[in-house]
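Welcome! Here is a short tour of a ligand and the protein around it. Take a look at the sequence and the structure first, and then read on.

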Amino acid sequence: MENFTASAPGKVILFGEHFVVYGEPAIAVALDLRVEATAYRCEKSIVEGLRTPLVERAIEEALRFVNRSGEAVCVRLRSNLPISVGLGSSAATAVAVIASITGLFGVKPSRDRLFRMALEVEKTVHVNPSGIDPAISVNGGAILYRRGWGIEPIKLGGDFTLVIGNTGVPRSTGAMVEKVRLFAENHPRVRDRLRAAASSIASEALEALEKGDVEKLGRLMDVNHGLLEAIGVSSLELERLVYAARRAGALGAKLTGAGGGGCMVALVAGKRVEAVVEAIRKAGGEPMVAPISRVGVLYGNG
Ligand code: PMV
């Protein structure tokens with residue numbers, strides 16, 4: 001049976017989540033945890049593995065791109081990326097599904113086109129996505145992203161490890177983005193100051209990342225976490241993990257993604273990794289040493 005497999009990575013946002021929705025720059029890194037989609041011709045469309053409205057939208061979007069709207073196509077999904085915890089599983093799913101179907105029909109959209117299709121699909125799950133998740137999933141590596149402007153690839157310097165801590169608390173990106181929208185509406189002057197601070201943090205972080213100044217990077221992550229706490233997207237569970245990681249010697253720690261639950265990320269120098277992993281576990285989180293991926297979307301027959 002003719003089939004085509006494609007995969008796309010998840011991500012962790014190091015700087016600028018939420019503020020990126022309002023046009024400020026943000027920095028994300030791709031994880032070597034991927035969603036893999038295999039598309040094949042069939043009589044009646046079926047999705048195996050993961051069933052979300054997002055997959056159906058991704059199928060529609062891909063079929064339209066290859067001028068096959070309304071035809072049947074089946075997709076089998078596999079993932080080693082935890083779902084709905086702020087690690088970009090929905091964008092990775094959208095990118096992998098679209099790439100597998102276009103690949104099945106012998107077409108490879110440009111990265112920009114693939115990004116735009118996945119962004120349309122993401123609107124199914126939350127109304128106002130900034131686009132950072134599909135951007136990093138398509139491109140891989142590390143990027144500076146700005147809404148409506150695009151990406152700048154970042155060359156990572158310095159020796160550090162990212163340790164993720166999952167609170168296990170479910171959350172909804174759409175609900176958290178809405179919470180921030182209400183805050184912004186009610187406090188326009190505070191909002192403007194916080195936005196300006198988030199923007200400065202992201203540009204200083206970009207310099208620090210490229211220079212490999214890990215001490216500075218860690219400090220900036222702590223400050224970024226403070227801003228996220230200020231706009232109301234942290235939680236007791238996230239704070240517990242953030243403080244546990246810092247106390248165990250992390251250079252910096254912050255929540256990552258939409259917040260309200262989900263994951264935090266700590267920047268750790270080599271010799272402290274085990275201590276931070278243990279501290280997160282003891283504080284009730286599920287720790288994971290984050291494998292960074294240079295590779296974004298990957299086309300290939302499985
Ligand atoms: O869905 P998450 O948890 O990866 O969050 C995405 C980042 C936000 O800035 C909160 C939303 C967005 O669209 O950029």
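In this predicted model, the space that the ligand takes up is the largest pocket. Three elements each give two or more residues to the shell around the ligand: β1 (3-15), α4 (132-139) and α5 (173-186).

It helps to see who the neighbours are. The ligand is surrounded by 17 residues, and the closest are Lys11, His18, Ser130, Arg171 and Thr173. Sorted by character, the residues of this shell come out as seven nonpolar, six polar and four charged. Both domains take part: domain 1 (3-156) and domain 2 (161-290) each supply at least three residues to the shell.

Now for some polar contacts. Each row below pairs an oxygen atom of the ligand with an atom of the protein.

| Residue | Protein atom | Distance to a ligand oxygen atom |
|---|---|---|
| Lys11 | N or O atom in the side chain | 2.5 Å |
| His18 | polar backbone atom | 2.8 Å |
| His126 | polar side-chain atom | 3.4 Å |

How much of the ligand's accessible area does the protein cover? On its own, the ligand has 380 Å² of accessible area, and the protein covers 95% of that.

To find your way back to this site, start at Lys11 and His18, which are among the closest residues to the ligand.

Key
Residues are numbered from 1 along each chain as its sequence is written. This is a predicted model: local features need pLDDT of at least 70, side-chain atom pairs count only at pLDDT 80 or more; totals for chains, interfaces and linings use all residues. Side-chain values use heavy atoms; hydrogens and water are left out. A residue is near a molecule or strand if one of its heavy atoms lies within 4 Å of it. A polar contact is a pair of N or O atoms within 3.5 Å; within protein, one must be able to donate a hydrogen and the other to accept it, and residues adjacent in sequence count only if both atoms are side-chain atoms. Accessible areas come from the Shrake-Rupley method with a 1.4 Å probe; for residues, only the protein chains shown count as cover. On a 1 Å grid over the protein atoms alone, a cavity is a set of points where a 1.4 Å probe fits but cannot get out, and a pocket is an open set with protein on both sides within 12 Å along at least five of seven lines; lining residues have an atom within 4 Å of a point. A molecule sits in a cavity or pocket if more than half of its atoms lie within 2 Å of its grid points. Helices (H or I, at least four residues) and strands (E, at least two) are DSSP runs, numbered from the N terminus. Ala, Val, Leu, Ile, Met, Phe, Trp, Tyr, Cys and Pro count as nonpolar, Asp, Glu, Lys and Arg as charged, and the others, Gly among them, as polar. Domain bounds come from an automatic or database domain assignment.
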